[in-house]
Amino acid sequence: MKKQKTLEDQLYFAGWFLLIGGIAGIFVYFQFIMPKLSVFPCFFYHVLGIYCPGCGGTRAIGALLQGKPLLSFWYHPLVPYTVVLFGGFMLTQTLERVHFAKVRGWRFHNWHMYGAVVLLTANWIIKNLLLHLFHVSL
C-alpha cells in the first residue's frame with residue numbers, strides 16, 4: 001500500500017529544490033551580476049515616487065549572509081522571518097525523516113502566510129511613511 005503524500009512532504013521536497021536553486025541564484029547574482037550593475041533603477045521609486053513592497057530585500061539578504069541579522073531585519077523583515085521559518089521547517093522535517101531523536105517536524109499553518117503578508121505590508125507602509133512624512137530615505 002502506497003503512503004499518500006502530505007502537504008508537508010510536498011513542501012519539504014519543494015524546499016530542497018528551492019534551497020539548491022536559491023543558493024545557486026544568490027551566488028550567481030552576487031558574483032557576476034551585482035558587480036556589473038552601477039544602478040538598477042526601481043520602477044516604483046523612480047516612476048511613482050514610492051518604495052516597492054520588496055524594497056530592501058537584496059540588502060537584507062546581503063546583510064544576513066554577512067552575519068548581521070538585525071540589519072537584515074531593518075532592511076526587510078520578511079527575509080529573516082522567511083529564513084527562520086524555512087530553516088526550522090526544513091531542519092525539523094529532515095530530523096523527523098531520518099528518525100533522529102524522535103523529533104516531530106514543523107507543520108505548515110496558514111498563520112505562516114498571514115504573518116508574511118502582515119510583515120510585507122507593514123514594512124511597505126512604514127518605509128513610505130518615513131519617506132514622505134519625515135523625508136527619511138532608506
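Which helix does Val-28 lie in? Val-28 belongs to helix 1, which spans residues 7–33. The close-up views below show a predicted model.

**View A. Nonpolar surface patch that includes Val-28.**
Five residues, Phe-27, Val-28, Phe-32, Ile-33 and Leu-37, make a nonpolar patch on the surface. The area of this patch is about 440 Å². Val-28 has a relative accessible area of 38%, so this residue is classed as partly exposed. Residues with over 30% relative accessible area and no salt bridge are the ones that make up patches.

**View B. Packing of helix 5 against helix 6.**
Helix 5 covers residues 78–97, and helix 6 covers residues 110–134. The two helices pack at an angle of about 165°, and their axes are 10 Å apart. Helix 5 is therefore roughly antiparallel to helix 6, because angles over 145 degrees count as roughly antiparallel. The crossing of helix 5 and helix 6 is right-handed.

**View C. Salt bridge between Asp-9 and Arg-97.**
In this pair, the closest N and O atoms are 2.5 Å apart. Asp-9 sits in helix 1 and Arg-97 in helix 5. The pair links distant parts of the chain, with the two positions 88 residues apart in numbering. Asp-9 is buried, at a relative accessible area of 12%, whereas Arg-97 is partly exposed, at 26%. The two labels follow from the cut-off, because buried means under 20% relative accessible area.

**View D. Salt bridge between Arg-107 and Glu-96.**
The closest N and O atoms of Arg-107 and Glu-96 are 3.2 Å apart. Arg-107 lies in the loop between helix 5 and helix 6, and Glu-96 lies in helix 5, so the salt bridge ties together parts that are 11 residues apart in sequence. Arg-107 is partly exposed, with a relative accessible area of 22%. Glu-96 is also partly exposed, with a relative accessible area of 25%. The count of salt bridges comes to two.

**View E. Backbone at His-135, in the segment after helix 6.**
His-135 has a phi near 55°. This is a positive value in a residue other than glycine. The relative accessible area of His-135 is 67%, so the residue is classed as exposed.

Terms used: Residues numbered from 1 in each chain as written. Predicted model: local features only at pLDDT ≥ 70, side-chain atom pairs only at ≥ 80, totals over all residues. Heavy atoms only, no water. Patch = residues over 30% accessible without salt bridge, like charges linked within 9 Å, V, L, I, M, F, W, Y side chains within 5 Å. Areas by Shrake-Rupley, 256 points an atom, 1.4 Å probe, with all protein chains shown as cover. Salt bridge = Lys/Arg side-chain N within 4 Å of Asp/Glu carboxyl O. Helix = DSSP H or I, 4+ residues; strand = E, 2+ residues; numbered from the N terminus. Buried < 20%, exposed > 50% of the residue type's maximum accessible area, 1.4 Å probe, protein only. Axes fitted to C-alpha atoms, helices over the stretch in contact; angles between N-to-C directions. Parallel < 35°, antiparallel > 145°, perpendicular 65-115°, else oblique. Left-handed = near helix turned anticlockwise from the far one by under 90°.
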